[in-house]
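Me: I am in my first year and still learning how to look at protein models. Could you take me slowly through one part of this one, the sheets of chain B and what lies against them?

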Amino acid sequence: MSHNENLLEVDGLRTVFDTSEGMVRAVDGVDVTVRRGECLGVVGESGSGKSVTFSSVMGLVRSPGRIESGSIRFEGRDLTRLSPREMRAIRGRDISMTMQDALTALNPALTVGEQLSEMLDAHDEDLPARGGARRRAIRDKSVEMLRLVGIPSPDSRLDQYPHEFSGGMRQRIMIAIALAPGPKLLIADEPTTALDVTIQAQVLELISEIRARLGMSVVLITHDLGVVAEHCDRVMVMYAGQVVEEGATVDVISNPQHPYTRGLLGSIPRLSLRGKPIRPIQGQVPNLVGLPPQCRFYSRCPDRTEACLQFVEMRNVGSDRRARCIALTQEEVA
Amino acid sequence: MTSTANPLLNVENLSKVYEGRQSLANRLAGVQPFSVRAVNDVSFHVERGEVLGLIGESGCGKSTLGRAVLRLHEPTAGRVRFDGEDVTALSAGALKDMRRRMQIVFQDPYASLNPRSTVADIVGLPLRLHGLARTGAEVREKVARILERVGLNAAHLDRYPHQFSGGQRQRIGIARALISHPEFIVCDEPVSALDVSIQAQIIQLLLELKDEMGLTYLFISHDISVIGYLSDRVAVMYLGEIVEMGPTDDVLARPRHPYTQSLMSAVPDVDAPGKHQRVRLAGELPSPLDPPKGCKFHTRCPLAIDACKREAPVSEQVAPGHQVACHRLAEDLSVWETGAEAGTR
Ligand SMILES: Nc1ncnc2c1ncn2[C@@H]1O[C@H](COP(=O)(O)OP(=O)(O)OP(=O)(O)O)[C@@H](O)[C@H]1O
Ligand SMILES: Nc1ncnc2c1ncn2[C@@H]1O[C@H](COP(=O)(O)OP(=O)(O)O)[C@@H](O)[C@H]1O
Ligand code: SF4
Ligand code: SF4
Ligand SMILES: [Mg+2]
Ligand SMILES: [Mg+2]
C-alpha cells in the first residue's frame with residue numbers, strides 16, 4: 001500500500017496514565033490506518049481506549065497521562081516528534097476533533113461566534129490580511145459555517161452562548177468549529193451518543209454530506225454498531241486498550257472473526273429476535289491496572305483455552321482483515 | 001393482546017403539569033410563572049403478565065408518566081386503577097401498602113442509590129418499610145437471597161454503591177425493586193446508561209425475573225430495538241401525548257403515525273443499513289413550555305396540512321388494539337414516500 005493512500009498511520013501506540021492504583025495501560029499497542037476520503041468507525045465499550053487513542057493523535061494527552069511509545073504519522077510526518085507550536089498548527093488546520101461532551105468542550109464564557117472566529121482567525125489562510133475586511137470576512141464565514149450545519153437564523157445565533165442551545169445544536173456547533181478551517185481529517189468522538197435518534201440521524205447525515213463534499217477523511221468513534229453499519233467504510237473494534245478486529249464494515253458485521261465482536265453483535269436486541277434469548281457476553285471489562293500479558297478477552301471469552309494464556313498478536317485473517325485471536329489461523333500476506 | 005375486562009393497570013386521562021414557583025420580583029413585574037404540561041390526557045392499560053413498552057425522545061414525558069402512575073409525582077388530573085383499585089384516591093397509608101405491589105427501577109444507576117448506604121440497607125429498606133422482615137438477620141438473609149438472584153452475592157452486602165460498576169448498580173436497583181415481591185414494575189430506562197454487552201445482561205435478567213415471578217412491566221426506553229425486542233405492546237409518546245399504541249409487531253412493522261415512521265427511519269440498522277429512505281425531521285422537540293397548537297407534531301411533520309395547525313387529532317383504531325392520532329390517517333400515507341424535508345415552520 002502506498003503512503004499516499006494513507007492519511008494517518010498510527011503504529012504501536014502506547015498511552016499510559018500514572019494513577020494511585022498503578023499504571024493504567026489505556027492504549028496498549030494500537031495501530032490505526034485512516035485512508036484518504038474514508039470514514040473509519042471505532043467501536044468498543046466505555047473504557048476500551050477509543051478517546052485516549054485519538055486524543056493521543058491530537059497531542060492532547062495531559063499529565064498524569066503520556067505517550068509511552070509508538071509513532072503517529074500524518075501525511076508521512078511523525079506527529080510525536082513535533083514541537084507544541086508545530087502541533088498546534090496541525091491541530092485545527094489539518095486535523096480537528098469534536099469532543100464527546102459538547103457542553104463541556106465548548107467554552108461557556110465565549111459566544112459561539114467568538115469561538116468560530118478564533119478558529120478561523122488562527123487557521124484560515126484565505127482571509128484578508130487585517131482590519132475591518134478581515135473581521136467582516138470572518139463574520140461571513142462564521143455565518144456560513146452555522147448555516148452549513150443547519151442552525152436556523154445563524155446571523156442572530158452567532159452572538160449566543162453555548163448554554164442557550166440544545167444538545168443537538170451544540171454538537172452541530174462543535175462540528176461547525178471543527179470544520180471551519182477545512183481539515184483533511186475530522187475525528188468525531190461519540191458525536192451523537194447523548195442525542196435522540198432523530199437528531200442523531202441529522203448530525204450523522206451532516207457529517208457524511210460534508211465528507212463527500214469536501215473529500216475529507218472521518219474517524220467516527222461510537223459504541224453503536226448500527227451507526228457504523230450505516231456510515232463507515234471500515235471499522236476497528238477495540239477492547240481493553242487494544243484493537244481486536246479490523247476490516248471493511250460489511251465483512252466485519254456479516255462475518256465477525258473475533259469472539260468479542262461476535263459477542264457485541266449478539267448483544268444487540270432486535271425486533272426480529274423477539275421471544276428468543278439474546279446471548280450476552282458474561283462478566284465485565286477487566287481493570288486495566290496490572291493486566292497479565294494474556295489475551296485481554298480471556299476472562300469473558302466463551303472459546304478460551306489454555307493456549308490463550310499468552311500474548312496474542314494481531315493476525316491477518318483475510319484480505320484487508322485483521323483480528324487478535326489465537327484460534328484464528330494467520331493467512332499468508334501477499 | 002387486546003383489552004380484557006380486568007387489566008392489572010388502567011390509566012385514564014392522566015395529566016401532569018409542573019407549576020413553577022414564582023418569585024416576588026417576577027410577580028411584581030407581571031411575568032407569568034412557567035407551567036409545563038409534561039403529560040397530557042394519556043390513557044392506556046397494561047394486562048397482567050404483559051410488557052408495555054413506552055418510547056419517545058428525551059423530554060417527551062416518559063419518566064413523568066411512569067412516576068405519576070405510581071404517584072411518586074402527584075398527577076394533576078386523571079385516574080390510575082391498579083388491580084381494580086383507584087390508586088389516585090388512596091390515602092397516604094393505603095398508598096404505602098400499595099407501593100409494595102408497584103415498584104420502579106430508575107434511569108440512572110449512578111444517581112438512584114444513596115451513596116452513604118450499604119447494599120444491605122438500600123435493598124433491605126422496602127422490607128423494613130412494609131414490615132416484611134422481623135429481625136435484622138432476616139433482612140440480611142432475604143437481601144442476600146435476592147442479590148444472588150440478580151447476579152451479585154452475600155459478599156456485596158456491606159459495600160457502598162461507588163464500589164460497583166454501572167451494570168452492577170443497576171442490578172442493585174433491580175434487587176431493591178423486587179425484594180417486596182411486587183406484581184408491577186415501572187422500568188424507567190434501566191439499560192440506557194449501560195454498554196451494549198451489559199445492557200444485554202440486564203435485559204436478559206429482567207425477562208427471566210418476569211417469567212419466574214409473574215411480573216408485569218411498563219418498560220420505558222428511547223431505544224426502538226430494546227422496545228421491539230422485549231415488549232408485547234408499544235406506546236409512542238411525543239410532547240406529553242401518546243400518538244400511537246398497539247401490538248409491537250404491528251406498530252413497528254407497519255407504523256402509521258408520521259412520528260413513529262420518522263423514528264423508525266432514524267434508527268441505524270446494523271442488519272440492513274440504508275434500508276429505509278431517510279426522513280430527516282427538521283428541527284428539534286419544541287419547548288414543552290410553549291407547545292405547538294393543534295397537532296403537536298405539526299412543526300416537524302412532513303405530512304402536515306393546515307388543519308394540523310388548528311386542531312388536535314383524536315385517536316382512532318386502525319387495527320385490533322392499534323390506535324393512532326393523526327388527521328391524515330385515512331389517506332394511508334407514509335413519510336418516506338414524500339421524500340420531502342420535514343417541517344412546516
Ligand atoms: N420536577 C420538574 N419540574 C419542572 N419540569 C419538569 C420536572 N420534571 C420534568 N420536567 C419537564 O417535564 C418534561 C418531561 O420530562 P420527563 O423527565 O418526563 O421526560 P422523559 O421523556 O423521561 O425524558 P428523558 O428521555 O430525557 O428521560 C420535560 O420538559 C421536563 O423538562
Ligand atoms: N485522565 C485520566 N486519568 C486516568 N485514567 C484515564 C484518564 N483518561 C482515561 N483514562 C483511562 O483510560 C482508559 C480508556 O479511556 P477512554 O479512552 O476514555 O475510553 P473510551 O473512549 O473507549 O470510553 C480507561 O480505563 C480510563 O479510565
Ligand atoms: S485468544 Fe482465546 S481467549 Fe482470546 S479471544 Fe481468542 S479464543 Fe478467546
Ligand atoms: S395530524 Fe397532521 S401534523 Fe399531526 S402527525 Fe398527522 S399529518 Fe402530521
Ligand atoms: Mg470516550
Ligand atoms: Mg426519563
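Reply: Happy to! Helix 6 of chain B, residues 166–178, is a good place to begin: this helix lies across strand 6 and strand 7 of chain B, and its direction makes about 175° with that of strand 6. Keep in mind as you look that this is a predicted model.

Now find the sheet to which these strands belong. It is an open sheet of eight strands in chain B, with mixed pairing, and the order across it is 6-7-8-3-9-10-12-11. Strand 6 and strand 11 (315–319) stand at the edges with a single partner strand each, so one side of each is left without a neighbour in the sheet. On average, neighbouring strands here are turned by 20° against each other, direction ignored.

Helix 3 of chain B (residues 92–101) also packs on this sheet, where it touches strand 6 and strand 7 (184–188). The direction of helix 3 makes about 60° with that of strand 6.

Next, move along to strand 3 (residues 51–55) and strand 8 (residues 216–221) of chain B. These two pair in the parallel sense, over five bridges. To see one of the pairings, pick B:Gly53, whose bridge partner in strand 8 is B:Phe219.

Chain B has another open sheet to look at, this one of four strands in the order 2-1-4-5, with antiparallel pairing. Its edges are strand 2 (35–46) and strand 5 (85–86); each has a single partner strand, so one side of each is left without a neighbour in the sheet. Strand 1 (residues 9–19) runs antiparallel to strand 2, and eight bridges join them. Among the residues to click on is B:Lys16, which has B:Val39 in strand 2 as its bridge partner.

A helix lies across this sheet too. Helix 2 of chain B crosses strand 1, strand 2 and strand 4 (77–82), running at about 120° to strand 1.

Helix 2 also leads us to a metal site. The magnesium ion, ligand 6, is coordinated by the OG atom of B:Ser63 and the OE1 atom of B:Gln107, at 2.0 to 2.6 Å. B:Ser63 lies in helix 2 (residues 62–69), while B:Gln107 lies in the loop between strand 6 (102–105) and helix 4 (119–129), so the pair ties together parts that are 44 residues apart in sequence. Are these two residues buried or exposed? B:Ser63 has 22% relative accessibility and counts as partly exposed, and B:Gln107, at 33%, is partly exposed as well.

Note on methods:
Residues are numbered from 1 along each chain as its sequence is written. Chains are lettered from A and ligands numbered from 1 in the order in which they are written. This is a predicted model: local features need pLDDT of at least 70, side-chain atom pairs count only at pLDDT 80 or more; totals for chains, interfaces and linings use all residues. Side-chain values use heavy atoms; hydrogens and water are left out. Donors are N, O and S atoms within 2.8 Å of the metal (3.2 Å for Na, K and Ca); water is not among the atoms, so sites may look incomplete. Buried means under 20% relative accessible area, exposed over 50%, partly exposed in between (1.4 Å probe, protein chains only). Two strands pair if DSSP finds at least two bridges between them. Axes are lines fitted to C-alpha atoms, for helices over the stretch in contact, and angles run from 0 to 180 degrees between N-to-C directions. Contact means heavy atoms within 4.5 Å.
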